[in-house]
Amino acid sequence: PFDVLIVGGGPAGAAAAVYAARKGIRTGIASERFGGQVLDTMGIENFVSVKETEGPKFALALEEHVRQYDVDIMNLQRAKALIPGPELIEIQLESGASLKAKSVVVTTGARWRNINVPGEHEYRNKGVAYCPHCDGPLFKGKRVAVIGGGNSGVEAAIDLAGIVGHVTLIEFDTKLRADEVLQRKLRSLANVTVLVNAQTTEIAGNGQRVTGLSYKDRSTGEAKQVELEGVFVQIGLVPNTEWLKGTLELSRHGEIIVDAKGQTSIPGVFAAGDATTVPFKQIIIAAGDGAKAALGAFDHLIRSSAP
Ligand code: FAD
């Protein structure tokens, strides 16, 4: 069996693998797609000490770093169940195989919820964005829309209003759902327009980049257009934890509940990164968190088994 088995090969999983392997313990990492969300990212400019890089390049660097160590890398493996046992924890894979370990670090990440309108997929990274911390500066002085009036949408609109020229916030419901304090802040900003009861129907472009957005005014049924250069979709981040439902304690958003050392509700099972309750979903945070969970797992091992 593995001493530490990591499930998920994004920044959190890669950092956990390096930290575990450096303790000289038997380490494995099983992931569906090594690199994770970073593979879908264009420019990365906020991983401190790396002024700028590209997602696929960063993903390759993660894998190369892990390969410096004696880590059993199992790629294209999707976990379907975690079964705790008295001695060992079992991870069952979709392939039918099963892996056993003394401790597990779950780093299966998350995915942005898509709005599924024409143009969203086509213009992804060409004006359609999901992460204001990451891509906000690319729209300096330009016009953008934020779709979604929950906390993340309103926070994104406030954040972007300080960078871009103009923000149109679009909410499907008749009112915003964000905290009142955020709504007050939002309404105090001169370069923000709030549209409620508005159903986004299409993200339009010129073949190269986004040029506008169409929506239906749900009170009148009228179709309307806004000209703009960017659209931030902020209708939720979904953790990849469906396979853990009923096993690990999850928050109401499906995030794995962890303590300060990354310990979950099951002894010996740790978790890190976007799949967890740790706030602010970013590469550097996920990587730091993965390191922390691996050290948490090591701490657990030296306390629970003979060396
Ligand atoms: P992920 O990167 O999501 O990795 C999860 C891993 O788990 C993957 O290997 C996946 O294949 C695997 N996995 C999932 N389910 C299973 C399963 N059942 N079994 C086995 N493996 C599984 N952050 C920044 O800091 N800067 C940026 O510029 C930036 N830009 C972004 C742009 C885009 C388009 C996106 C989508 C995100 C961006 N982010 C950015 C956010 C950043 O990518 C994430 O915060 C970070 O990747 C989270 O790392 P993670 O390891 O927790 O999860």
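**Salt bridges, strands and a ligand shell**

Biologist: Does E171 count as buried or exposed?
Modeller: The relative accessibility of E171 is 3%. Buried means under 20% relative accessible area, exposed means over 50%, and partly exposed lies in between, with a 1.4 Å probe and protein chains only. At its 3%, E171 therefore counts as buried.

Biologist: What kind of model is this?
Modeller: Residues are numbered from 1 along each chain as its sequence is written, and side-chain values use heavy atoms, with hydrogens and water left out. Local features need pLDDT of at least 70, side-chain atom pairs count only at pLDDT 80 or more, and totals for chains, interfaces and linings use all residues, in a model that is predicted.

Biologist: Which residue meets the side chain of E171 in a salt bridge?
Modeller: A salt bridge is a side-chain nitrogen of Lys or Arg within 4 Å of a carboxyl oxygen of Asp or Glu, and the structure holds 14 of them. In the one at E171, nitrogen and oxygen are 2.9 Å apart. The partner counts as exposed, at 53% relative accessibility, and this partner is R177.

Biologist: How many residues apart are R143 and E229, whose side chains also meet in a salt bridge?
Modeller: The side chains of R143 and E229 come to 2.6 Å, N to O. The pair links distant parts of the chain, with R143 in strand β11 (residues 143-147) and E229 in the loop between β16 (223-227) and β17 (230-233); strands (E, at least two residues) and helices (H or I, at least four) are DSSP runs numbered from the N terminus. R143, at 35% relative accessible area, is partly exposed, and E229 is partly exposed too, at 22%. Along the sequence, they are apart by 86 residues.

Biologist: Which residue forms a salt bridge with D299?
Modeller: The closest N and O atoms of this pair are 3.2 Å apart. D299 sits in helix α6, while its partner lies 38 residues away, in the loop between β18 (237-239) and β19 (269-271). That partner is partly exposed, with a relative accessible area of 45%, and its name is K261.

Biologist: In what order do the five strands of the open sheet lie?
Modeller: Two strands pair if DSSP finds at least two bridges between them, and in this sheet the pairing is parallel. The edges are held by β10 (128-129) and β13 (192-195), each with a single partner strand, so one side of each is left without a neighbour in the sheet. β10 pairs with β17 over two bridges, and the full order is β10-β17-β11-β12-β13.

Biologist: Which residue of β17 is the bridge partner of A129?
Modeller: Strands β10 and β17 pair in the parallel sense. The β17 residue that is the bridge partner of A129 is F232.

Biologist: Which residue of β8 stands opposite E90?
Modeller: In β7, E90 is the bridge partner of I83, and four bridges join strand β6 (residues 79-83) to β7 in an antiparallel run. On β7, four of the five residues (89-93) are buried, so the strand is largely enclosed by the rest of the structure. Four bridges also join β7 to strand β8 (residues 98-106), again antiparallel, and there the residue opposite E90 is K100.

Biologist: Which residue in the turn between β7 and β8 has a positive phi?
Modeller: A hairpin joins β6 to β7 through five residues, and β7 and β8 form a hairpin with four residues between them. The phi in question is about 105 degrees, and it belongs to G96.

Biologist: How much of the ligand does the protein bury?
Modeller: Polar contacts (pairs of N or O atoms within 3.5 Å; within protein, one must be able to donate a hydrogen and the other to accept it, and residues adjacent in sequence count only if both atoms are side-chain atoms) include a polar side-chain atom of Q37 at 2.8 Å from a ligand oxygen and a polar backbone atom of A79 at 2.8 Å from a ligand nitrogen. A polar backbone atom of D274 lies 2.9 Å from an oxygen atom of the ligand. Taken alone, the ligand exposes 1,000 Å², an area from the Shrake-Rupley method with a 1.4 Å probe, and the share the protein buries is 96%.
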